[in-house]
Amino acid sequence: MQTLNPESLKSSQALVNEYKGNLFEFGMANALSRILGLEEQFLTSLSGLFKAKLVFYERELRKIEPKLIHKISVWAFNAADEITHCIKFEVKNIFLVGKITGGSHNDVWKEADILLKGKNDNEIFPLSVKLTKKDAFVNTKSGGIKSFYTQYFSQFENSINLQNELNGLIEYQFSQMCIQMHKISDLSPSEQFGNDWDRAGLPSLPGDLSLELKSVLLDFYKSIRDHLFKSLNSFYDQNQKEFAKSLCPLLGQGRGDLFQLTCYYKQLDGELEFSHVSILNSENILNALENIQFYQSESSFTSFEIKLNPYRLQIRIKPMNKFTTPSYKVNCSTKTCAIY
């Protein structure tokens, strides 16, 4: 039996996620069109090139995850049936506006993948859809750490000062990490990873580090995590309502009228089965104000959670690519066990 290395496994899983995500987007839109009596109109609006893409996704996913390919349309119909109860007008048109169309999410529709429109201009229902395993976190936002506070928490007066403080901390702690790693590796101390590090054949990816070097990297991540944890706590203490509004984009709610549907599946006796559907909008987030809790696990040096019962937002520090350059991002992901 062929054994895949970690990078190959990651690549294979990334393809599965891409193909199943694209097929689920289409499956959801198609199921909604069927339920709402618009299937013929919706299908005839799709181009030949788009339909060829669907055939490709199905063929490739069948090679990697044959058990999954037969379930997606069924789960999409289950999920579509759930979301129709949230639509308050008669739908006249259904459009795919997400990545499956060949573009990307834009500033108008934000995270929406499907757009439902009624007769009147104000009758709009933007919908974001995701398919994932039960108990898994779903990525919702990822951005550079050097503008994280000023981009998402700009309404707080001390956001600029805290951002400058965080950027200075990263610069200082990164240089200290470099010095420490060079000493451990029997190299001349240096505040940056350069030619000496490369010539010694030392790694630039976190997964390739020795346990001793990885411990130094994790301490560096922890210093950043602690600053994020403390700062977000301070924003919450200043104004709970404004803090909840700030969390909306991090939870994948870039528009106030956006609905975010996540369909969860599970493995039972070797078979993939439908688990549940969760539906999140900005109203849910604001209603969870009294239940917001910050949770920091000592076993995780890179992340912490904000719990808005029953939703969980995980905030994690990650390198943009290689840890040897001082470019890091904040990765946000969510999960819930709630059934709408």
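## A greasy patch on the surface

A surface patch here is built from residues with over 30% relative accessible area and no salt bridge, and nonpolar side chains are joined into one patch when they lie within 5 Å. In this predicted model, Ile35, Leu36 and Phe77 make up a nonpolar patch of that kind, and together they offer about 200 Å² of accessible area.

Let's pick out one member. Isoleucine 35 belongs to helix α1, which covers residues 6-35. Isoleucine 35 has a relative accessibility of 30%, so it counts as partly exposed.

## The whole chain

Now step back and take in the full protein. Its secondary structure adds up to 11 helices and 10 strands. The radius of gyration is 22 Å, close to the 20 Å that the globule rule gives for 340 residues, so the protein is as compact as a globular protein of that length.

Picture a box drawn along the principal axes: the C-alpha atoms fill roughly 70 × 55 × 40 Å. Of the 340 residues, 46% count as buried.

To get a feel for distances, try serine 190 and serine 47. They sit 143 residues apart in sequence and 56 Å apart in space, going from C-alpha to C-alpha. Serine 190 is in the loop between α7 and α8 (195-199), and it counts as partly exposed because its relative accessibility is 21%.

## Rings meeting rings

Time for the aromatics. A pair of aromatic rings is described by the distance of the centres and the angle of the planes. The count for this protein comes to 27 aromatic pairs. Take phenylalanine 148 and tyrosine 152: their ring centres are 5.6 Å apart and their planes meet at 55°, so this pair is tilted. Both residues are in helix α6 (residues 148-152), and because they are 4 residues apart there, about one helical turn separates them. Are these two buried or exposed? Phenylalanine 148 has 2% relative accessibility, so it counts as buried. Tyrosine 152, at 11%, counts as buried too.

Phenylalanine 153 and phenylalanine 235 give us a stacked pair, with 5.0 Å from centre to centre and 20° between the planes. This pair links distant parts of the chain, 82 residues apart: phenylalanine 153 is in the loop between α6 and α7 (159-184), while phenylalanine 235 is in helix α9 (residues 211-238). Phenylalanine 153 counts as buried because its relative accessibility is 0%. Phenylalanine 235 is buried as well, with a relative accessible area of 0%.

Zoom out a little and you'll find a cluster linked by ring pairs. Its members include Phe148, Tyr152, Phe153 and Phe235, along with Tyr149, Phe156 and Phe229. Tyr236, Phe243, Phe294 and Phe304 are in the cluster too.

Rings can have other partners. Lysine 307 lies over the face of tyrosine 295, at 4.6 Å from the ring centre.

## Two positive phi angles

Which residues other than glycine have a positive phi? Lysine 110 is one of them, with phi near 55°. You'll find lysine 110 in the loop between β1 (93-96) and β2 (114-117). At 29% relative accessibility, lysine 110 counts as partly exposed.

Aspartate 269 also has a positive phi, near 55°. Its place is in the loop between β5 (259-268) and β6 (271-280). Aspartate 269 has a relative accessible area of 76%, so it is exposed.

Note on methods
Residues numbered from 1 in each chain as written. Predicted model: local features only at pLDDT ≥ 70, side-chain atom pairs only at ≥ 80, totals over all residues. Heavy atoms only, no water. Patch = residues over 30% accessible without salt bridge, like charges linked within 9 Å, V, L, I, M, F, W, Y side chains within 5 Å. Areas by Shrake-Rupley, 256 points an atom, 1.4 Å probe, with all protein chains shown as cover. Salt bridge = Lys/Arg side-chain N within 4 Å of Asp/Glu carboxyl O. Helix = DSSP H or I, 4+ residues; strand = E, 2+ residues; numbered from the N terminus. Buried < 20%, exposed > 50% of the residue type's maximum accessible area, 1.4 Å probe, protein only. Phe/Tyr/Trp six-rings, centres within 6.5 Å; stacked < 30°, edge-to-face > 60°. Lys NZ or Arg CZ within 6 Å of the ring centre and 35° of its normal. Rg over C-alpha atoms; globule rule 2.2 N^0.38 Å.
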